[in-house]
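Here are a few short exercises to work through with the model open beside you. Try each task before reading its solution.

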Amino acid sequence: MNFSYLVSIFGQLSDGLKFTVGLFFVTIIFSVPLGLVLSFIRVGSHKIIQRILGGYIWLMRGTPLILQLYFFYYGLSLVTSIQLSRFNAAIVAFILNYAAYFCEIFRGGLLGVSKGQYEAAKVLGFSTLQTNVRIVIPQMLRITLPSVANEFITLVKDTSLITVLAIDEILNLAKKIVNTDVNISAYAVVAVYYLIATFLLTKLFEYLEKKFAY
Amino acid sequence: MVEGAVISVRGLSKSFGKTKVLNNINFDVYKGETIAIIGPSGVGKSTMLRCLINLEKADAGSILIDGEYLVRNGHYENERTCRKICSQMGMVFQSFHLFPHLTVLDNLIYAPKYVNREDEASAKKRADEILRKVGLADRKESMPSQLSGGQQQRIAIARALMMNPEILLFDEPTSSLDPLLKNEVLSVMRQLAEEKMTMLVVTHEMGFAKEVADRVLFVSEDGIIADDSPDKIFNLPSNPIIKEFICSIKAV
Ligand SMILES: Nc1ncnc2c1ncn2[C@@H]1O[C@H](COP(=O)(O)OP(=O)(O)OP(=O)(O)O)[C@@H](O)[C@H]1O
Ligand SMILES: [Mg+2]
């Protein structure tokens, strides 16, 4: 094993980044806003919608993400006429799964904003929408920032699960290289990729926490 | 309703579940008056004040603010009208409720800017004046958490003043402050009283009630049992409940 071998693996694995990184960003872009909207519904008072939402969150948190991947790729076409591509099935499963977690995180954050904040906003004449956008959500995001950071980092590593759908993300590529070369150093290189990503995210969230401290 | 009153309350009643908190409350407030509302704990002083600014809904009775019914015989106007009527009032809370994620300046200008659509430059200019008035001109870039309780409460008063209210409601504005810090808040309130701001102040500060209030409402479990000048209430209490309350406060 030599250095140039490792560098060449590093290069070969980068082909898989489009799936890993793509899945990460698409999941974040959709699941965070979806979780935010759901969290407001969840703290609301509509009984039937509450039940449905509760059921959805129970399903998403109560079953392994791998199983959800299987469902959206293999299962969905059995109960409907929809056959998603491998990567689209992964995207749908990840967004729905992560939205459930973000919903619960944001719900906790919303409960952490005191009643006094709503009352102060009301007597100043803020509308409900203005109160949520200007007063409640900024405080809620600050409260939940550490949990959100945690979720982002978990997501980085969870992207490797799509290897079970035979998508060529970086872990799957590493596995192929290991099998072909009969040399496990590709796994070490893949670890470096994840470590770089989680390091960057950690730094980003440290910065955000400092910036929005109050 | 009484001619010239800025607030008229008639037959106001309010229950929380089975507990009747307010029962047939009546009073009037005239422009420029400072009213102290005193009485034992748990009799509904806060609830009464909160009904005036629509933070609690009355079950029955009428509230007339500056000639407009907020609630008439237990029936409320639509939310929009209620909001408009209440926009003439500001409220200061016992635990300040400043917006912790905003600087002092943003706490002051947010409502003028986003609710009244005032342009930012003019709101900032007014904020400077009002901060000077409450003695905190040098703290506009501070976060609320960097201020003492007394400073936070003065900012809360400044924030309410930014909306140019006709009437200010105070619910125990100094109760969560150290004795030393109470005075800086009370002196701002005293100044507002001198400027003839109409104020309703629920308070346990008998000194303030005695010296600053034009009238004192004494609330007991039976409702408002006295509505009189501070002199009469404190020096010639007519009712044994009031006598007992004033003695107990003096003893502390
Ligand atoms: N949101 C609420 N739900 C149920 N009960 C309430 C609520 N708010 C107030 N109460 C009850 O109503 C009664 C009157 O409360 P209120 O806070 O108006 O009294 P207060 O005169 O302001 O007392 P204090 O001097 O302690 O502030 C109390 O018994 C209180 O427990
Ligand atoms: Mg009270």
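**Exercise 1. Which residue in S9(B) does B:Leu169 stand opposite?**

Solution. A word first: this is a predicted model.
- Start at B:Leu169, and you will find B:Leu200 of S9(B) opposite.
- Now widen the view to the two strands: S8(B) and strand S9 (residues 198–202) of chain B run parallel and are joined by five bridges.
- Follow the chain from S8(B) to S9(B): the path goes through helix H6 (residues 179–194) of chain B, and this β-α-β crossover is right-handed.

**Exercise 2. Find the strand that four bridges join to S8(B), and give the bridge partner of B:Val92.**

Solution.
- The strand is S7 (residues 89–92) of chain B, and S7(B) and S8(B) run parallel.
- For B:Val92, the bridge partner in S8(B) is B:Phe170.

**Exercise 3. Explain why strand S8 (residues 167–171) of chain B can be called largely enclosed.**

Solution.
- Recall the cut-off: a residue is buried when its relative accessible area is under 20%.
- Check one side of the strand, where B:Ile167, B:Leu169 and B:Asp171 are buried.
- Turn to the other side, where B:Leu168 and B:Phe170 are buried, so both faces are covered.
- Five of the five residues are therefore buried, and the rest of the structure largely encloses S8(B).

**Exercise 4. Work out how helix H3 (residues 104–114) of chain B is enclosed, and what covers its buried residues.**

Solution.
- Count the buried residues: 10 of the 11 in H3(B) qualify, so the helix is largely enclosed by the rest of the structure.
- Among them are B:Leu105, B:Asn107, B:Tyr110 and B:Lys113.
- Look for the cover within chain B, which includes helix H4 (120–133) and helix H5 (149–161).
- Then look across to chain A, where helix H7 (128–158) is also part of the cover.

**Exercise 5. Describe the contact between chain B and chain A.**

Solution.
- Begin with the residues: chain B brings 23 and chain A brings 19.
- Next comes the area buried between the chains, about 1,900 Å², with carbon and sulfur atoms giving 64%.
- Search for charged pairs, and one salt bridge turns up across the interface; the side chains of A:Glu119 and B:Arg50 meet in a salt bridge at 2.6 Å, N to O.
- Add the nine residue pairs in polar contact, both residues at pLDDT 80 or more.
- Finally, see which elements of chain B touch chain A: helix H2 (79–86), S7 and H3 each supply at least two residues, and H3(B) gives the most, with three residues.

Technical notes:
Residues are numbered from 1 along each chain as its sequence is written. Chains are lettered from A and ligands numbered from 1 in the order in which they are written. This is a predicted model: local features need pLDDT of at least 70, side-chain atom pairs count only at pLDDT 80 or more; totals for chains, interfaces and linings use all residues. Side-chain values use heavy atoms; hydrogens and water are left out. Buried means under 20% relative accessible area, exposed over 50%, partly exposed in between (1.4 Å probe, protein chains only). Two strands pair if DSSP finds at least two bridges between them. A crossover is right-handed if, with the strands pointing away from the viewer, the path from the first strand over the helix to the second runs clockwise. Contact means heavy atoms within 4.5 Å. Buried area is the accessible area (1.4 Å probe) that two parts lose on being put together, summed over both. A salt bridge is a side-chain nitrogen of Lys or Arg within 4 Å of a carboxyl oxygen of Asp or Glu. A polar contact is a pair of N or O atoms within 3.5 Å; within protein, one must be able to donate a hydrogen and the other to accept it, and residues adjacent in sequence count only if both atoms are side-chain atoms.
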